[in-house]
Each structure stands twice: as structure tokens, then as C-alpha cells.
Amino acid sequence: MGLLRVGAAVVLLPVLVVQPAFAWGNDGHMMINRLAGLALPADVPAFLRSPEAVNALEYYGPEPDRWRGRGEPELNTAQAPEHFIDLEYADLAGPLPRNRYDYIRALTAAQPKHPELELTPEKVGLQPYQTNELYERLKSAMRDYRGLAAAKKDTKPVEAEIVFLAGWLGHYVGDGSQPMHATIQYNGWTGPNPNGYTTEHHIHSLFESEYVHANVKIGDVSPLVEAAKPVVIEGDMFDAYMKYLRHSNSLVEKTYQLEKAGGFAGAGTPAGKAFVDQQLAAGATELRDMIYTAWVRSGDPVPAYRGN
């Protein structure tokens with residue numbers, strides 16, 4: 001019943017929700033989550049591949065941006081850094097630790113060496129930490145589902161939890177495919193600018209919200225997702241996700257080059273359209289594979305607890 005209610009909410013979304021543009025905007029985030037849900041392989045439980053679950057995943061795509069309104073200022077302040085990471089500044093703290101609090105301590109330790117910068121988590125960002133922690137929440141919930149199913153107990157509550165967590169995770173994974181969420185060049189070029197890239201504070205919303213809303217349809221992106229077969233992500237998830245973020249960071253200058261060439265103005269250019277489609281597909285593919293990996297790894301044995 002819970003999933004059905006969320007499915008109904010999706011139908012009413014244009015009436016109920018008027019949001020400022022963040023990240024990919026409503027259109028991009030909903031597209032990424034829907035495509036990921038539709039592309040889940042058959043060995044993922046059927047409830048998570050159902051039309052109701054896919055509709056709910058789509059609805060939850062923009063959810064963390066709904067928490068950024070003026071009505072909840074403390075919530076907005078607390079979770080805003082979880083949408084981005086300025087990798088150029090984060091790397092000043094040395095190799096990134098996989099624990100959120102170790103990372104904050106590393107930033108603090110690096111601060112005296114860089115007095116011209118504000119190396120705080122609020123300014124540098126927490127994106128990979130939020131994403132990895134949500135992945136682990138999802139894997140934990142999937143382990144609980146396995147246990148309840150094996151005991152032939154009611155799984156409906158944990159099914160609803162899994163769908164919510166997967167949708168929530170999708171927001172940050174989608175943010176990670178947007179190059180300007182992984183860089184100091186997040187909304188207009190700063191510092192030396194020999195190539196004359198835009199310094200106006202408009203490129204961010206132009207690229208991810210205005211252009212997507214006007215020009216990108218789900219059918220444009222779905223073939224790119226379908227072409228990449230589902231995989232279980234090998235090794236450490238934090239390391240794998242950082243590789244994904246660093247690839248996005250490597251595309252920052254290309255984003256500015258395309259903007260300079262008119263790639264996102266109006267109908268844009270073929271190169272601009274292909275790039276946007278590619279990055280939306282990258283987000284959907286990464287999300288699908290993280291959900292799939294969480295499911296597979298939820299079946300792994302957990303080390304026994306050893307008290308002091």
C-alpha cells in the first residue's frame with residue numbers, strides 16, 4: 001500500500017511540488033532514478049523491479065533537494081554539503097579516508113598549510129561520504145529482507161525501506177555524474193582563465209536544469225543505459241565511487257568548453273546534447289550497479305560481533 005501511495009504522489013508531483021533548481025533538477029534526478037530501476041537485473045527481488053517501486057524510485061530522485069527549502073533552515077544547512085565535493089580542495093587533506101569524521105579531521109589538519117582557503121566540510125563538501133553511507137544503509141536493509149524472507153515473515157515494511165533508501169541514494173549518485181558537483185569550478189570559472197570560460201553564475205543551472213528540461217527525454221538516455229550491462233562493483237565501494245567522482249571531475253573543462261561553444265543555449269549543439277545524455281546515463285548506470293551490488297553483497301556473511 002505504501003508504494004501505491006507513492007505512485008499516486010508521482011502523478012500529482014507537478015501540482016504539489018514547486019522546487020528551486022538544484023543538482024540535475026527534478027527532471028534529471030527523476031530520469032536517473034527511473035532508468036536505474038528499469039535496468040535492474042532479474043535476480044534483484046521482484047518487489048524492487050515492480051512498476052510501483054520504479055515509480056517510487058523516480059519520485060524520490062529529487063527528495064534531498066526538497067529538504068533545501070527556506071522552511072527548514074537547519075536541515076538545509078546540515079545536508080547541503082552532502083551534494084558536492086570540491087576535489088581540488090579535498091585532495092589538499094591528503095589521500096581521502098573512507099570515514100566521514102576522519103575526513104573532517106584531515107581537513108582541519110590541512111587548514112594551517114592553506115590559510116587562504118576555508119577547508120571546512122561545509123565549504124569543501126561531503127558527497128562521497130553521504131553516498132557510501134547510504135549504500136551501506138541499503139545493503140543492511142537488504143540483509144534484513146533476506147532474513148525475514150527466509151523466516152517467512154512479513155517483508156512489506158523492509159521492502160518500503162529499501163525502495164526509499166535506493167531512491168535517496170540515487171540523488172547523490174546522480175549529483176556525482178554532474179561534473180560541476182565535483183569541483184571548485186561549480187558555477188563560473190574561478191582563478192586563471194586563459195581560455196575565456198564563462199565566469200557568470202549561470203552555467204550550473206543552465207547545464208543541469210534548464211537545458212535538460214527543454215531538450216532531454218527519457219527515451220534519449222535509455223539506450224545508453226541499456227547498452228551498459230549490469231555489473232557487481234568489485235572491491236571497496238568507497239574507492240569505486242571515488243573513481244566515478246574523479247571521472248566526473250575530469251570532465252569539468254569539457255563542460256565549460258561546450259558551454260562556450262553554445263552547447264547548452266536553447267536547443268544547444270549535437271555535442272552538447274550528447275554530453276548531457278552521456279552524463280545522465282552515467283548516473284543511472286552507476287546507481288543501478290550500486291543497487292545491484294548492495295543486493296548481492298547483502299548475502300555475504302557478516303563478521304561476528306566481538307565485545308570488549
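Reader: In this predicted model, which residues of H4 are buried?
Author: Helix H4 covers residues 51-60, and 7 of its 10 residues are buried, so the helix is largely enclosed by the rest of the structure. The cut-off for buried is under 20% relative accessible area. The residues that meet it in H4 are Ala53, Val54, Ala56, Leu57, Glu58, Tyr59 and Tyr60.

Reader: At what angle do the axes of helix H2 and helix H12 cross?
Author: Two packed helices are described by the angle between their axes and the distance between the axes. Here H2 spans residues 25-38 and H12 spans residues 203-215. Their axes come within 7 Å. H2 and H12 are roughly perpendicular to each other. The crossing angle is roughly 80°.

Reader: Which residues in H12 does H2 meet, and how do the residues of the contact divide?
Author: H2 contributes Gly25, Asp27 and Gly28. On the H12 side are Glu208, Ser209, Val212 and His213. The residues of this contact divide into 1 nonpolar, 4 polar and 2 charged.

Reader: Which residues touch the most other members of the largest nonpolar core?
Author: In soluble globular proteins, nonpolar side chains tend to be buried together. The largest nonpolar core here has 80 residues. The residues touching the most other members are Leu48, Tyr103, Leu138, Ile162 and Val276.

Reader: Which helix gives the largest share of this core?
Author: The core in question is the largest nonpolar one, with 80 residues. Its largest share is 11 residues. They come from helix H16, residues 270-297.

Reader: What does Ile162 touch, not counting residues up to four places away in sequence?
Author: Ile162 is one of the core residues that touch the most other members. Leu48 and Leu138 are also among those residues. With sequence neighbours set aside, the partners of Ile162 are Phe47, Leu48, Leu138, Ala141, Met142 and Tyr145.

Reader: Is Tyr135 buried or exposed?
Author: Tyr135 sits in helix H10, residues 127-150. Its relative accessibility is 5%. The cut-off for buried is under 20%. Tyr135 therefore counts as buried.

Reader: How far apart in space are Tyr135 and Met290?
Author: Along the sequence, 155 residues separate Tyr135 and Met290. Beyond its neighbours within four places, Tyr135 is in contact with Leu169, Met237, Met290, Thr293, Ala294 and Arg297. Met290 is thus one of its contacts. C-alpha to C-alpha, the two are 7.3 Å apart.

Reader: How far from Met290 is the C-alpha atom of Val232?
Author: Val232 lies in the loop between helix H13 (218-227) and H14. It is partly exposed, with a relative accessible area of 22%. Its contacts, leaving out residues up to four places away, are Tyr292, Thr293, Val296 and Arg297. Val232 and Met290 are 58 residues apart along the chain, and their C-alpha atoms are separated by 7.6 Å.

Reader: Which parts does the salt bridge of Asp91 with Arg246 tie together?
Author: The closest N and O atoms of Asp91 and Arg246 are 2.8 Å apart. Asp91 is partly exposed at 34%, and Arg246 is partly exposed at 36%. The two are 155 residues apart in sequence, so the pair ties together the loop between helix H7 (87-90) and helix H8 (100-110) and helix H14, residues 237-250.

Reader: What is the distance between the closest N and O atoms of Arg105 and Asp102?
Author: Arg105 and Asp102 both lie in helix H8. They are 3 residues apart, about one turn of the helix. Asp102 counts as partly exposed, at 34% relative accessibility. The salt bridge has its closest N and O atoms 2.8 Å apart.

Reader: Glu159 forms a salt bridge with Lys156; is Lys156 buried or exposed?
Author: Glu159 and Lys156 are 3 residues apart in helix H11, residues 156-176, about one helical turn. Their closest N and O atoms are 3.7 Å apart. Glu159 is buried, with a relative accessible area of 8%. Lys156, at 57%, is exposed.

Reader: What is the phi of Lys152?
Author: Lys152 lies in the loop between H10 and H11. At 76% relative accessibility, it counts as exposed. Its phi is positive, in a residue other than glycine, and is near 55°.

Note on methods:
Residues numbered from 1 in each chain as written. Predicted model: local features only at pLDDT ≥ 70, side-chain atom pairs only at ≥ 80, totals over all residues. Heavy atoms only, no water. Buried < 20%, exposed > 50% of the residue type's maximum accessible area, 1.4 Å probe, protein only. Helix = DSSP H or I, 4+ residues; strand = E, 2+ residues; numbered from the N terminus. Axes fitted to C-alpha atoms, helices over the stretch in contact; angles between N-to-C directions. Parallel < 35°, antiparallel > 145°, perpendicular 65-115°, else oblique. Contact = heavy atoms within 4.5 Å. Nonpolar A, V, L, I, M, F, W, Y, C, P; charged D, E, K, R; others polar. Core = buried A, V, L, I, M, F, W, Y, C linked by side-chain atoms within 4.5 Å. Salt bridge = Lys/Arg side-chain N within 4 Å of Asp/Glu carboxyl O.
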